[in-house]
Each structure stands twice: as C-alpha cells, then as structure tokens.
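Please open the model in the viewer and keep the selection panel at hand. The stops below are arranged so that each selection leads to another.

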Amino acid sequence: MNDNSYIYVLVALLPLAAGMLVFQVNPYHALLLRGVLGAIAALVYTILGAGDVGLTEALMGTLLAITLYAVTVRSSLVLRLGVIEGGIENDAVSDEKSAGHFKQVIDDIRAVFKKRHMRLEVVPYATPQALERALMEKEVHAVCSPQEQLEQSGEVQPYNTVIRVRRVYDIMQTELASPGTTLTYVNTPDVEEKH
C-alpha cells in the first residue's frame, strides 16, 4: 500500500456525500451534508496541490453556499393560512366564545407546525370569494373559514380548514388535536400565466 492511498479514500467520499445530499429529504440534514461535501472537496483540492482552489471552495462553495441555503430553507418553512379579515366579528353568531374558539383553532394549528420548525403566517382576506381565489391561485397553503354551525352528537365544528398541500393535510389530519375545525384536502389546478 503506497503513502497516497488516503487520497483515494477522500476522493471516494465525494460521490458518496453527493449521493446522500441528493436523496436527503430533511432540509436541515441536507445543509449539513452540503457542508461535509464542500469540506471534503476543499480538502481534496488542497492535498492535490491546488490550495487556491481549495480555499475558494471552502469560502465560497461551503461557507457562503451554506449560509444562503440556511436563509432559503428557513424562509421557505412558512405555512400561509388565509382567514376572513375580522370574520369572527362580522358573523351573526359572533360572541367572545366564538372569538376564543377561533383563536384556539389557530393556536392549535400553530403548535402542530412549531414542532416542525415552521412558522404560521395568518393572511387576512376581506371576503370569502377573495379567500377562495387566494387558495386556488396558490397565494396561501390553506384557508380557515367559518362554516354553518352543524350540531352532530353535541359537537360543534364552526370552522372548515381547506388545505391544498397534501403533506400539510396529512400532518394536520394526524396531529391536530383541535375538534374546532374540519379538514378538507383540495387539489388545486395549475394556474395558467396571464399574458
């Protein structure tokens, strides 16, 4: 075995790390793997005598890329929930109990996604038509709106949450403990670009 055999091991780690990065589904693990990939590449360049390329890879390819990826991942972990602007106050059956119930539904949804390091952004709309249009045009991921008060076996579910992202629907269906809303999944068609 010659003295340079460790170089072959390091070079073999490059496609292994790249393959792991490509198939990673967790964005935070992908960030970590991107850092490992860049560090291995910088080390290989340096060992092979291209110190300037290794330094550039370490600074630009690893540090800067990781920073930009981290900002992108963090900003993309937002669930936009459309609601009727002041909808609870405008409702004919509005009272403090209903307002508290709506706040509890929103807090329950927020708690589900906080466990996944996601932010819940509540986006108000003036009318139910504007709310529905926002969902169909993919401005929001889900909408939560008042529904007809139906009493079934003593349970009242005054809100309906319509979700257009299948994974979000699956998460909420399994983890949402709030009995105050019904969940509905809707497959939104792709909106054609307007010229």
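Begin at the second largest pocket of this predicted model: the residues of its lining divide into eight nonpolar, three polar and one charged. The space in this second largest pocket amounts to about 240 Å³. Of its 12 lining residues, select Ile84, Pro128, Leu131, Ser145 and Pro146, which are the closest to the centre of the pocket. Then colour α6 (128–136), β3 (142–146) and β6 (159–163), the elements that each give two or more residues to this lining. The largest share, four residues, comes from α6.

**The loop after α6**

Keep α6 and β3 displayed and select Lys138, which lies in the loop between them. What is the sign of phi at Lys138? It is positive, about 65°, although Lys138 is not a glycine. As background, most residues other than glycine have a negative phi. With a relative accessible area of 32%, Lys138 is partly exposed.

**The whole chain**

Now zoom out to the full chain and switch to a cartoon view. The chain contains seven helices and seven strands. Read from the N terminus on, the elements run α-α-α-β-α-α-β-α-β-β-β-β-α-β. Of the 195 residues, 34% count as buried.

**The largest nonpolar core**

Next, select Leu79, Leu81, Ile109, Phe113, Cys144 and Met172 and show their side chains. These residues have the most contacts inside the largest nonpolar core, which has 22 residues. Which elements each supply at least two residues of this core? They are β1 (78–84), α5 (96–114), β3, β6 and α7. The element that gives the most to the core is α5, with six residues. In soluble globular proteins, nonpolar side chains tend to be buried together.

**The largest pocket**

Leave α7 (166–175) highlighted, as this helix is also one of the elements that give two or more residues to the lining of the largest pocket. The largest pocket has a volume of about 280 Å³. Add Pro27, Leu77, Arg116, Met118 and Ile171 to the selection: of the 13 residues that line the pocket, these are the closest to its centre. Besides α7, helix α2 gives two or more residues to the lining, but α7 gives the most, with three. Sorted by class, the lining has eight nonpolar, three polar and two charged residues.

**The pair α2 and α3**

From the pocket, follow α2 (residues 27–47) and display α3 (residues 51–76) together with it. Two packed helices are described by the angle between their axes and the distance between the axes. Here the axes come within 7 Å and cross at roughly 175°. An angle over 145 degrees counts as roughly antiparallel, and α2 and α3 are therefore roughly antiparallel to each other. The residues of their contact divide into 14 nonpolar, seven polar and three charged.

**Gly61 and Leu37**

For the last stop, select Gly61, which has its place in helix α3. Is Gly61 buried or exposed? Gly61 has a relative accessible area of 14%; buried means under 20%, so Gly61 is buried. Finally, add Leu37 and draw a distance between the two C-alpha atoms: Gly61 and Leu37 are 24 residues apart along the chain, and their C-alpha atoms are separated by 9.5 Å.

Definitions and conventions: Residues are numbered from 1 along each chain as its sequence is written. This is a predicted model: local features need pLDDT of at least 70, side-chain atom pairs count only at pLDDT 80 or more; totals for chains, interfaces and linings use all residues. Side-chain values use heavy atoms; hydrogens and water are left out. Axes are lines fitted to C-alpha atoms, for helices over the stretch in contact, and angles run from 0 to 180 degrees between N-to-C directions. Angles under 35 degrees count as roughly parallel, over 145 as roughly antiparallel, 65 to 115 as roughly perpendicular and the rest as oblique. Ala, Val, Leu, Ile, Met, Phe, Trp, Tyr, Cys and Pro count as nonpolar, Asp, Glu, Lys and Arg as charged, and the others, Gly among them, as polar. On a 1 Å grid over the protein atoms alone, a cavity is a set of points where a 1.4 Å probe fits but cannot get out, and a pocket is an open set with protein on both sides within 12 Å along at least five of seven lines; lining residues have an atom within 4 Å of a point. Grid points are joined across faces, edges and corners, and a volume is the space filled by probe spheres set on the points. A nonpolar core is a set of buried Ala, Val, Leu, Ile, Met, Phe, Trp, Tyr and Cys residues joined through side-chain atoms within 4.5 Å. Buried means under 20% relative accessible area, exposed over 50%, partly exposed in between (1.4 Å probe, protein chains only).
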